[in-house]
Amino acid sequence: MSYKIPFNKPYLTGLELDYIREAVNLGKISGNGEFTRRCQEFFENRYGFTKCLLTTSCTDALEMAAILLDIKPGDEVIMPSFTFVSTANAFVLRGAKIVFVDSRSDHPGMDETKVEELITPNTKAIVAVHYAGVACEMDVLMDIAEKHGIFVVEDAAQAIDSYYKGKPLGGIGHLASFSFHETKNIQCGEGGMLVINDPQFIKRAEIIWEKGTDRAAFFRGEVNKYGWVDIGSSFLPSEVTAAFLFAQLENLDKIQERRKAIWEDYFGVFKDDLYVPKVLSPEYALIIKNLKFKIENDVYTTADADSSIIKNLKFKIENESTVSSETQTSIIKNSKFKIENEGSGNSETHSSFIILNSSLPSNAHMFYLLFPSLEERTSYIQHLKEHGIMAVFHYQSLHKSEFVERGQGLEIERIGIREEGLGNGREEIERREIGEQGLGNGREEIERLETKRLEIRDQETVTSTEERSQYLEENNRNEIKDRKRELPNSDRYTDCLLRLPMFYELPDFTTSLRV
């Protein structure tokens with residue numbers, strides 16, 4: 001169906017085509033040109049990021065991070081289950097075992113208190129996903145990382161212009177990634193950025209970014225010619241994309257101001273029945289509040305367009321329960337509203353919504369509701385659809401994905417120990433790891449391979465087919481059991497969370513609902 005109010009509509013500042021034309025006139029529209037430089041310097045100057053590299057997507061930025069951290073088969077990476085698949089894919093592609101952590105009970109972000117118990121000698125990194133632009137407890141995660149000698153990657157896809165204790169998100173972990181997908185606050189259709197905060201990664205990051213060559217150094221005059229020096233890929237966006245993005249970045253404050261006003265209206269409407277929206281229309285406020293009663297002309301007419309319908313209603317609130325402000329969880333939890341239309345006598349009782357994170361996220365990336373059940377969420381989606389409003393649920397928990405359920409990427413398989421015989425493991429290790437990393441890694445790579453060979457040799461003492469089969473079955477069973485740990489909060493957000501439309505021109509769209 002055609003929606004009067006879509007879930008998302010990319011905002012255009014009016015300068016995008018002008019800057020694209022300028023980029024074309026400069027005569028260089030491949031990557032790493034003038035507008036790429038402007039975009040990268042914008043972030044470095046505004047937020048103090050050490051080094052920024054534009055990429056074609058946040059996915060690419062995460063893949064670069066996995067390469068920079070030298071992720072190999074057998075390494076473990078801890079991340080939330082309630083996140084987009086790219087967060088995990090980037091590390092799975094390097095052979096990592098993903099260890100999922102549950103969400104918090106008061107927010108879809110990762111539960112930082114459950115991270116340290118998941119660390120093993122194989123843990124290489126923690127990926128902190130700042131869901132909805134709300135910061136993870138970075139002090140906690142950085143302390144854990146320092147204690148165990150591991151790295152932290154911030155997945156700040158949704159967190160542009162968000163902060164943690166005064167520090168910009170994306171500038172705290174060793175590495176970070178941003179997204180400029182069309183659903184984000186700042187967008188260029190498809191785009192992303194890698195932030196390098198640990199100086200040890202800067203030189204290699206540029207090489208990986210430039211397809212494994214030292215081309216960037218060549219253009220700066222640091223080398224006489226450039227060549228293939230490492231692994232890499234085509235991670236650079238074109239200057240057309242960078243020019244579009246720069247037009248958006250110049251209007252960041254304006255865009256953020258509008259999004260925050262929309263967020264505050266959403267919050268006000270759901271929290272306070274007498275709240276008068278400032279930018280959203282009262283008609284829209286009435287529909288999203290799901291007040292299912294007939295609107296009489298003597299209660300509301302088009303002449304009252306600037307006043308709120310809600311002012312003319314009486315609400316009886318029964319069994320209201322709230323939680324302390326310290327936890328910043330639900331504002332209204334499991335309440336029942338009895339709604340009476342003044343003058344008509346109509347009344348209906350409806351379940352309340354649960355609003356998480358009572359304070360305004362610093363970048364107002366999204367506004368979401370949590371429902372008591374999947375059925376109630378589905379019913380509400382249908383209610384909005386009938387009024388031409390599109391709302392969407394978000395991620396399906398990765399730990400219950402088809403990919404994981406099939407046992408794909410299990411560690412036992414990644415090191416090449418298969419039913420054909422444990423002896424094949426040695427050849428597989430040599431082929432994969434020497435082939436991917438290159439002999440240039442020297443003594444450390446040789447020593448690591450020798451350790452693997454000794455492990456394989458010990459495993460080869462299990463000589464009979466039956467014993468070998470039992471060995472494989474037991475290890476696979478243990479791996480699957482680990483992957484299927486119960487993550488109840490992630491499952492809850494999968495079934496019950498719903499995102500409402502959130503885009504710059506939303507206030508203008510809501511006026512079309514006037515009767």
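## A salt-bridge tour, with a stop at helix α6

Start by selecting D161 and R46: they form a salt bridge, and their closest N and O atoms sit 3.6 Å apart. Keep in mind as you click around that this is a predicted model. The pair ties together distant parts of the chain, with D161 in the loop between β5 (151-155) and β6 (163-164) and R46 in helix α2 (residues 34-47), 115 residues apart. Switch on a surface and look at each partner in turn. D161 counts as buried because its relative accessibility is 9%, under the 20% cut-off. R46, at 34% relative accessibility, counts as partly exposed.

Next, select K9 and E505. Their side chains meet in a salt bridge, at 2.6 Å from N to O. Where do K9 and E505 lie in the chain? K9 is in the segment before α1 (16-25), while E505 is in the loop between β14 (497-499) and α18 (506-510); the two are 496 residues apart, so to speak a link between distant parts of the chain. Buried or exposed, or somewhere in between? K9 is partly exposed, at 30% relative accessibility, and E505 is also put down as partly exposed, at 24%.

Now jump to R104 and E112, whose side chains meet in another salt bridge (3.3 Å, N to O). Colour the two by accessibility: R104 is partly exposed, with a relative accessible area of 25%, whereas E112 is buried, at 6%.

Pairs aren't the whole story here. Select E22, E34, R37, R38 and E41 together, and you have a network of linked salt bridges. If you'd like to keep hunting, the structure holds 19 salt bridges. As for what brings such partners together, side chains of opposite charge can pair when their charged atoms come close.

Last stop: helix α6 (residues 202-209). Which residues of α6 are buried? Select A205, E206, I207, I208 and W209. Then show what surrounds them: the cover over these buried residues includes α2, β1 (51-55), α3 (58-68), β9 (192-196) and α7 (215-219). You have already been to α2, as R46 from the opening pair is in that helix. Finally, step just past the end of α6 and check the backbone at K211, which takes a positive phi of about 65°.

Terms used:
Residues are numbered from 1 along each chain as its sequence is written. This is a predicted model: local features need pLDDT of at least 70, side-chain atom pairs count only at pLDDT 80 or more; totals for chains, interfaces and linings use all residues. Side-chain values use heavy atoms; hydrogens and water are left out. A salt bridge is a side-chain nitrogen of Lys or Arg within 4 Å of a carboxyl oxygen of Asp or Glu. Helices (H or I, at least four residues) and strands (E, at least two) are DSSP runs, numbered from the N terminus. Buried means under 20% relative accessible area, exposed over 50%, partly exposed in between (1.4 Å probe, protein chains only). Contact means heavy atoms within 4.5 Å.
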